[in-house]
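The following exercises are to be worked through with the sequence and the model at hand. Each task is followed by a solution in steps.

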Amino acid sequence: MNLVKEEINRLIKDGSLCISPILDPEQIGDMTIDFRLGTDFLVEIHGGNPFIDASLNNGDRFPIKNSFQETRRKLGETFLFHPNQTVLASSLEYVKLPKNVYAELTMRSSYLRLGLSLSAIVQPGYCGCVSIELTNVNKIPLNLTVGAAIMQARLFQIKSESNYFSRKRKYMCQVRPIISAVTADADFAQLHKVWQQRNHIK
């Protein structure tokens with residue numbers, strides 16, 4: 001069930017939903033909540049590695065962190081977003097979701113029309129700033145204002161509660177963007193062993 005404004009405000013009032021800071025009451029719309037662009041960024045760079053290595057086959061020769069650079073802006077400053085560039089960012093707001101509510105994030109229409117792309121789901125019970133992966137699909141650079149409400153979330157209530165902390169997760173309670181931990185997935189170790197056996201590597 002998609003929660004509407006009255007239900008969202010009720011969850012905030014009883015403390016089961018936390019969104020901080022809310023800089024403008026109009027952030028909470030009839031069916032969505034606007035989220036603002038935070039101050040920390042991980043920017044995709046070229047030259048650190050010959051490629052982004054989403055495998056275990058090269059050891060630590062090409063760590064993913066070498067393909068991203070940390071940078072920070074203050075509220076009201078701008079961030080120049082180049083064509084086809086991927087940037088890891090986060091919401092300005094800290095969020096704590098109820099155990100039976102999840103969020104779907106999309107770009108606000110005004111930013112979709114500028115060529116900015118985003119799609120993300122926030123699990124029930126999550127707490128932290130919302131991590132976002134942004135891509136400029138336009139052919140020209142886009143200058144974004146830090147702190148602007150660029151995305152919106154729809155909240156959905158599920159029938160049963162989910163314990164977000166019941167298992168180990170790669171990205172938990174983060175307050176700034178974190179690089180991909182794709183090679184921490186369990187299947188990577190198994191696939192690496194298969195690759196070693198087929199190539200007679202010990």
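A residue counts as buried when its relative accessible area is under 20%. By that rule phenylalanine 41 is buried, and phenylalanine 79 is buried as well. The model used throughout is a predicted one.

**Exercise 1.** Determine how the rings of phenylalanine 41 and phenylalanine 79 are arranged, and where the two residues lie.

*Solution.*
Step 1. Rings are paired if their centres lie within 6.5 Å, and planes under 30 degrees apart count as stacked. The count of aromatic pairs comes to 4 by this rule.
Step 2. For phenylalanine 41 and phenylalanine 79 the ring centres are 4.3 Å apart and the planes stand at 10 degrees, so this pair is stacked.
Step 3. The pair links distant parts of the chain, since phenylalanine 41 belongs to strand 3 (residues 40-44) and phenylalanine 79 to strand 5 (residues 78-81), 38 residues apart.
Step 4. Together with Phe81, Phe41 and Phe79 form one aromatic cluster.

**Exercise 2.** Decide whether valine 87 is buried or exposed, and identify residues that it touches.

*Solution.*
Step 1. Valine 87 is located in strand 6, which spans residues 86-96.
Step 2. Its relative accessibility is 1%, and therefore valine 87 counts as buried.
Step 3. Among the residues touched by valine 87 are Phe41, Phe79 and Phe81, the members of the aromatic cluster. Its contacts also include Ile132, Glu133 and Leu134.

**Exercise 3.** Establish which side chain of opposite charge is nearest to glutamate 93, and which polar contact the side chain of glutamate 93 makes with another side chain.

*Solution.*
Step 1. Glutamate 93 also has its place in strand 6.
Step 2. The nearest side chain of opposite charge is that of arginine 36, at 4.2 Å. A salt bridge requires a distance within 4 Å, and glutamate 93, although buried, has none.
Step 3. The side chain of glutamate 93 does make a polar contact with the side chain of glutamine 27, at 3.1 Å. In addition, a polar atom of the glutamate 93 side chain lies 3.0 Å from the backbone nitrogen of arginine 36.

**Exercise 4.** Describe which way the side chains of strand 2 point, and how this strand pairs with strand 12.

*Solution.*
Step 1. In a regular strand, side chains alternate between the two faces of the sheet.
Step 2. In strand 2 (residues 33-36), Ile33 and Phe35 point one way, while Asp34 and Arg36 point the other way; all are buried.
Step 3. Strand 2 pairs with strand 12 (residues 149-157) in the antiparallel sense, over 4 bridges. Within strand 12, alanine 149 stands opposite arginine 36.

How values were computed. Residues numbered from 1 in each chain as written. Predicted model: local features only at pLDDT ≥ 70, side-chain atom pairs only at ≥ 80, totals over all residues. Heavy atoms only, no water. Buried < 20%, exposed > 50% of the residue type's maximum accessible area, 1.4 Å probe, protein only. Lys, Arg positive; Asp, Glu negative; His and termini not counted. Polar contact = N/O pair within 3.5 Å; in protein donor to acceptor, adjacent residues only side chain to side chain. Contact = heavy atoms within 4.5 Å. Phe/Tyr/Trp six-rings, centres within 6.5 Å; stacked < 30°, edge-to-face > 60°. Pairing = 2+ DSSP bridges. Lists of a residue's contacts leave out its neighbours within four places in sequence.
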